[in-house]
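Here is a short walk through the model in front of you. Keep the 3D view open as you read.

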There are 2 protein chains.
Amino acid sequence: MSDLVHLTNARLAHGDQLISGDLWLDPKTGVFLPPPNPAPSTSAIDLQDRIVAPGFLDLQINGAYGFDFSEDSASNHNGRSYTERYRDVRRKLITTGTTSFLPTMTSQLPERYHQNLPFLGPSNSRDPFNGSESLGAHCEGPFFAHNKMGVHLPDAIHASGTTSEPKRVLDTFGASNLLNPDDGSRLGSPKSIPSHVRMITIAPERPGALDTIKQLSQAGIIMSIGHTAANYQQARAGIDAGATMITHLYNQMNGHHHREPGPLGILGGATDVNSQNETRILEQAMDADVNLSHRPYFGLIADGNHVHPASVLLAHLIHPDGLVLVTDALLLLGGQDGTIDWLTRRLTKKGVSVTLEGTDIIAGSCVTLLQCLNNFRRWTGASIPVALQAVTSRPAAVLGLSHRKGTLRAGADADFVVLKEESVPGQSTSDMVVDQVWKFGVKVYDQSSP
Amino acid sequence: MSDLVHLTNARLAHGDQLISGDLWLDPKTGVFLPPPNPAPSTSAIDLQDRIVAPGFLDLQINGAYGFDFSEDSASNHNGRSYTERYRDVRRKLITTGTTSFLPTMTSQLPERYHQNLPFLGPSNSRDPFNGSESLGAHCEGPFFAHNKMGVHLPDAIHASGTTSEPKRVLDTFGASNLLNPDDGSRLGSPKSIPSHVRMITIAPERPGALDTIKQLSQAGIIMSIGHTAANYQQARAGIDAGATMITHLYNQMNGHHHREPGPLGILGGATDVNSQNETRILEQAMDADVNLSHRPYFGLIADGNHVHPASVLLAHLIHPDGLVLVTDALLLLGGQDGTIDWLTRRLTKKGVSVTLEGTDIIAGSCVTLLQCLNNFRRWTGASIPVALQAVTSRPAAVLGLSHRKGTLRAGADADFVVLKEESVPGQSTSDMVVDQVWKFGVKVYDQSSP
């Protein structure tokens with residue numbers, strides 16, 4: 001029993017509260033333990049009232065530290081293979097508090113998916129020194145509305161055609177990347193388990209998309225609607241078909257209009273209006289009954305560039321239990337201001353802004369999830385534990401991993417972050433700063449000895 | 001003591017709850033009483049578990065039953081004077097449950113304000129048979145954004161110019177209509193009491209408007225921003241200057257954009273972003289700290305025509321404590337489908353839709369506050385007492401009359417409505433129906449003997 005780790009004098013983020021207490025974990029199995037009884041004679045680590053939060057989960061991150069998950073995995077860079085560079089990035093990423101993530105591929109041609117996705121699946125390793133853990137890839141695209149592609153590769157979106165029927169989607173990503181080979185890579189098997197891909201962002205209004213959403217969600221893949229020209233009804237249809245999330249709310253989708261609420265409208269729940277006329281609500285609107293059971297999760301980029309702070313606050317007020325902070329970070333995370341190559345194009349970073357070179361078109365972010373979290377707290381007034389939920393328990397719930405990730409409960413993976421509060425001149429809200437990061441019960445980063 | 005009225009076996013709308021109990025009132029003084037001790041030998045009226053709600057308050061109603069508050073008060077119609085027709089309308093209006101209201105003038109030329117406003121001030125009568133009680137006029141316009149005039153009289157808005165400095169506003173409405181003559185009709189008097197006008201809707205971005213908002217709100221007039229082209233910052237400035245309400249949220253104002261949230265954005269509270277650039281949030285956005293203390297009330301037209309049910313739900317989720325249902329009803333309330341004269345133009349009613357003849361331009365509503373209330377319940381899932389707050393205690397709070405109106409508490413005016421629930425085919429939510437209306441402690445309407 002002397003191999004157990006005992007942390008004491010911590011403020012533990014449990015639900016919407018910070019609770020003073022102790023934490024026990026087993027570095028051999030990498031999980032949290034209930035308090036042993038009798039307690040072993042382990043000398044406890046005194047956290048001096050610092051905050052312990054579950055490790056952060058980022059459901060949408062395209063790259064960082066000069067590396068893009070979508071880059072050519074067949075090429076070496078500076079003598080280092082894709083595998084090596086991918087691991088380097090994970091080891092840096094974990095120092096920001098993000099202990100798990102979905103490596104996110106932007107829209108690519110089919111060959112690139114076939115080539116890269118096998119690298120990006122769930123880590124299947126409990127080596128704490130492998131860096132941040134992939135929980136599977138997020139394919140953001142290419143089945144988008146052609147007028148909502150943002151900075152995604154136009155060739156890839158055009159190559160995806162205008163429909164999204166299941167066969168087209170499977171062929172594009174490669175069936176074995178979506179479905180576990182044990183199932184014969186077929187849809188409809190009752191026991192199918194997702195393979196390398198954990199999440200897909202798709203526009204629900206493309207013909208065939210609802211079938212694809214239904215079949216892939218039943219196969220265990222998280223379907224998220226985004227980069228979409230869907231109106232309110234079409235967004236609703238996506239959720240009704242099995243999508244459980246909206247990708248980066250507000251960005252690359254129709255805005256809210258009071259008589260055509262668009263995707264924002266579905267955050268409140270379902271009001272079953274059968275309106276064919278977008279400028280006038282039909283009389284059957286009068287018969288609508290609200291159904292609060294169909295409310296999707298939604299990603300939100302609180303980088304101070306994609307979305308106005310007041311819009312972040314509105315989203316939080318509308319559906320606090322659905323809000324998931326994501327970085328949508330690109331390879332410029334951790335980089336300097338300036339212009340660099342990005343796949344086939346070039347990006348300019350200036351402060352928190354990343355744009356396609358020579359344009360005002362926003363191209364992902366360059367912030368950490370912790371920065372988003374600090375912004376979110378300031379802009380919403382959310383308490384520390386409530387804000388933490390948006391990067392811990394809630395993204396874990398999106399993935400169906402609440403038992404294992406995003407929690408400090410006994411039995412879950414002992415991935416956690418030790419945080420301290422720092423006051424910032426000119427701000428009334430303190431920032432949180434990462435002091436330590438632990439992965440599978442082992443301390444892998446300490447700010448005092450980086 | 002035998003003159004007291006005792007109602008028993010009622011479900012009383014108190015705050016966000018229905019509480020079974022008794023109600024005592026004095027028809028002589030017209031107020032609710034605490035339960036007398038000892039109880040007098042009055043035979044109690046058994047309400048058989050029906051709901052008792054405070055009488056409804058409508059802060060925005062332009063007319064009803066063929067009468068428009070803005071019509072020429074010097075002319076007789078069918079041999080009846082403006083005063084007689086105004087009283088006729090109030091006596092019909094009270095049967096809908098609306099026991100108090102702000103008679104609302106649409107944008108008119110100055111002469112019409114000078115002529116009509118003296119008729120529309122607070123009733124100053126406790127005669128229960130005078131019908132629904134005016135709590136003062138609401139001047140909706142003419143100081144609007146010229147591109148947000150809706151169906152208001154263009155001549156009136158053009159005549160108002162493009163600025164809204166205090167002198168121009170006083171001259172337009174007539175100083176004695178705004179300020180009590182006892183003050184010498186001057187602004188800045190510490191004891192000024194509003195005269196005939198209780199509320200003004202104004203666009204805050206017009207030059208001089210902030211000064212006017214500041215001075216008139218200090219003089220006790222409720223200032224509401226609306227018919228406005230204000231962006232987020234300009235809407236905020238209106239609230240900071242002293243406006244406490246937004247007129248019919250969503251309608252005749254800029255929509256929400258995620259990087260320029262517009263008036264909707266200020267419902268969440270203040271996030272102090274000093275953005276000059278409407279398409280990119282400046283870096284100081286990162287330093288914004290939310291201030292939840294500056295949240296305006298807002299009117300909302302839940303008629304099934306002005307606003308999509310999902311947008312009603314969003315507004316309720318964003319700021320439930322600010323939501324005030326208003327009818328924005330025109331003279332077509334209580335009328336038949338068809339086309340009729342309206343001031344200098346013609347209106348077409350078809351179901352719940354009222355439009356300028358031959359166009360799709362929405363022109364007010366033709367529904368009762370009770371219909372809005374029933375819609376609101378269905379679209380939001382709000383409980384009966386919570387929904388009732390949006391037509392009782394909350395509009396009373398807007399007017400600073402919480403002690404006297406919109407409540408069943410002892411000491412308040414005994415204005416109340418007896419409601420029953422009726423199931424509606426095809427709806428999972430019941431509708432409420434008005435059974436009785438009491439004004440100043442006297443039953444003035446009984447559905448069973450209308």
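## Salt bridges, strands and symmetry

With a relative accessible area of 29%, R168(A) is partly exposed. This is a predicted model, so please read every value as computed from it. The side chain of R168(A) meets that of E165(A) in a salt bridge, 3.4 Å from N to O. E165(A) likewise counts as partly exposed, because its relative accessibility is 30%.

Two further pairs in chain A can be set beside this one.

| Salt bridge | N to O distance |
|---|---|
| E71(A) and R85(A) | 2.0 Å |
| E165(A) and R168(A) | 3.4 Å |
| R346(A) and D341(A) | 3.0 Å |

Where do E71(A) and R85(A) sit in the chain? E71(A) lies in the loop between strand 8 (67–68) and helix 1 (82–93) of chain A, while R85(A) belongs to helix 1 itself; the pair is 14 residues apart and links distant parts of the chain. Both E71(A) and R85(A) are buried. In the pair R346(A) and D341(A), R346(A) is partly exposed at a relative accessible area of 34%, whereas D341(A) counts as exposed at 53% relative accessibility.

Salt bridges also join into a network in chain A, linking R126(A), E133(A), R404(A), K405(A), D413(A), D415(A) and K439(A). Over all chains, the count comes to 44 salt bridges.

Now to the strands. K439(A) of that network is also the last residue of strand 23 (residues 431–439) of chain A, which runs antiparallel to strand 24 (residues 442–446) and is joined to it by 4 bridges. Within this pairing, W438(A) stands opposite K443(A). The two strands form a hairpin with 2 residues between them, and F440(A) in the turn has a positive phi of about 45 degrees.

In chain B, 3 strands make an open antiparallel sheet in the order 19-20-21. Strand 19 (338–342) and strand 21 (353–356) each have a single partner strand, so one side of each is left without a neighbour in the sheet. On average, neighbouring strands here are turned by 30 degrees against each other, direction ignored. Strand 20 (residues 345–350) pairs with strand 21 over 4 bridges, and K350(B) has S353(B) as its bridge partner.

Finally, the two chains together. A turn of 180 degrees with a shift of 0.0 Å along the axis lays chain A on chain B with an RMSD of 0.0 Å. The copies are thus related as by a two-fold rotation axis. In chain A, the C-alpha nearest that axis belongs to I318(A), at 2.6 Å. The same surface serves both copies, as 100% of the contact residues of chain A recur in chain B.

Technical notes
Residues numbered from 1 in each chain as written. Chains lettered and ligands numbered in written order. Predicted model: local features only at pLDDT ≥ 70, side-chain atom pairs only at ≥ 80, totals over all residues. Heavy atoms only, no water. Pairing = 2+ DSSP bridges. Axes fitted to C-alpha atoms, helices over the stretch in contact; angles between N-to-C directions. Least-squares fit on C-alpha atoms with pLDDT ≥ 70 in both. Contact = heavy atoms within 4.5 Å. Salt bridge = Lys/Arg side-chain N within 4 Å of Asp/Glu carboxyl O. Buried < 20%, exposed > 50% of the residue type's maximum accessible area, 1.4 Å probe, protein only.
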